[in-house]
Amino acid sequence: MENTSLTAQPGHLYVVATPIGNLGDLSDRAKAILANVDLVACEDTRTTGALLTRLGLHRELIAYHDHNEQEAAARLTAQLAAGKSIALVSDAGTPAISDPGFRIVRACRRSGLPVIPVPGACAVAAVLSAAGLPTNGFLFAGFLPPKSAARIAFLSKYRDFDYTLALYESCHRIDMFADEIVATLGDTRAIAIAKEVTKLHETFLVGPAGEVRERLAKTSLKGEFVVLIAPATFEL
């Protein structure tokens, strides 16, 4: 039966996706849940506080991020067990997808506490849907390690992978990562690099890796990046 309730239930954890740029992407269900929960666990209280203010909402915010996740997960799970309803959000997109969230969800599952997804924006899914590279299967690897040798080792390992590789990369390393793709996989490998998805300056660079690298060099490197690498057998 369809879960149509817009009222947060006691002892439930709601994993709520928030916009990755365009506020209009926040669903009515997400708004309703955020308006009804007892607590909102968030990656950055300032970012989520600003979002809630724009929505005209005022909720108690609890910090839940990479540096306190283990302790916060235990504390929040205890509050859920006591009957509190909690929404888990990240700064943008879907919690636990290369963002904090895994530990509290695991703790709830271990304790038999309900976990309810409230789906919405996810950067990797958005780029996969619009880039034109194969989507019959993909490997999402999140952020690769910061060291160049580790990234090159990853690319070498999956050189002949049968499906699209999907990755996140920061503005500080995207130009270097483009160089590594060309050096390791060749300048004709079909790739896509997208940034600022759903925002005013949304950009998709799609084509042979060598050409994409050249176009990237002429583009502002501000923002968060999604990188897709097509199988070696794929032709644009």
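**Exercise 1.** In this predicted model, helix 6 and helix 7 are oblique to each other. Determine which values lead to that description, and describe the contact between helix 6 and helix 7.

*Solution.*
Step 1. Two packed helices are described by the angle between their axes and the distance between the axes.
Step 2. The axes of helix 6 (residues 148-157) and helix 7 (residues 174-185) cross at roughly 40 degrees and come within 10 Å.
Step 3. Angles under 35 degrees count as roughly parallel, and 65 to 115 as roughly perpendicular. Helix 6 and helix 7 are therefore oblique.
Step 4. The crossing of helix 6 with helix 7 is right-handed.
Step 5. On helix 6, the contact is made by Ser148, Arg151, Ile152, Leu155 and Ser156. Helix 7 contributes Met176, Phe177, Glu180, Ile181, Thr184 and Leu185.
Step 6. By class, this contact of helix 6 with helix 7 comprises six nonpolar, three polar and two charged residues.

**Exercise 2.** Carry out the corresponding analysis for helix 3 and helix 4.

*Solution.*
Step 1. Helix 3 (residues 69-81) packs with helix 4 (residues 102-111) at an angle of about 40 degrees, and their axes are 9 Å apart.
Step 2. Helix 3 and helix 4 are therefore oblique to each other, and their crossing is right-handed.
Step 3. The residues of helix 3 in the contact are Glu69, Gln70, Ala73, Leu76, Thr77 and Leu80. Those of helix 4 are Phe102, Arg103, Ile104, Ala107, Cys108 and Ser111.
Step 4. Seven nonpolar, three polar and two charged residues make up the contact of helix 3 with helix 4.

**Exercise 3.** Establish how the buried and exposed residues of helix 5 are arranged.

*Solution.*
Step 1. In helix 5 (residues 123-131), Ala123, Val124, Val127, Leu128 and Ala131 are buried.
Step 2. These buried residues cover an arc of only 130 degrees around the axis, which puts them on the same side of helix 5.
Step 3. The face turned away from the buried side carries Ser129 and Ala130, which are exposed.
Step 4. The buried residues of helix 5 pack against strand 6 (138-143), strand 7 (164-169), strand 8 (190-195), strand 9 (203-208) and strand 10 (225-229).
Step 5. After helix 5 comes Gly132, with a positive phi near 90 degrees.

**Exercise 4.** Locate Ser98 and Glu196, and state the sign of phi for each.

*Solution.*
Step 1. Ser98 lies in the loop between strand 4 (86-89) and helix 4. Its phi is positive, near 55 degrees, in a residue other than glycine.
Step 2. Ser98 is partly exposed, with a relative accessible area of 33%.
Step 3. Glu196 lies in the loop between strand 8 and strand 9. Although Glu196 is not a glycine, its phi is positive, about 55 degrees.

Key. Residues numbered from 1 in each chain as written. Predicted model: local features only at pLDDT ≥ 70, side-chain atom pairs only at ≥ 80, totals over all residues. Heavy atoms only, no water. Axes fitted to C-alpha atoms, helices over the stretch in contact; angles between N-to-C directions. Helix = DSSP H or I, 4+ residues; strand = E, 2+ residues; numbered from the N terminus. Parallel < 35°, antiparallel > 145°, perpendicular 65-115°, else oblique. Left-handed = near helix turned anticlockwise from the far one by under 90°. Contact = heavy atoms within 4.5 Å. Nonpolar A, V, L, I, M, F, W, Y, C, P; charged D, E, K, R; others polar. Buried < 20%, exposed > 50% of the residue type's maximum accessible area, 1.4 Å probe, protein only. Arc of directions from axis to C-beta.
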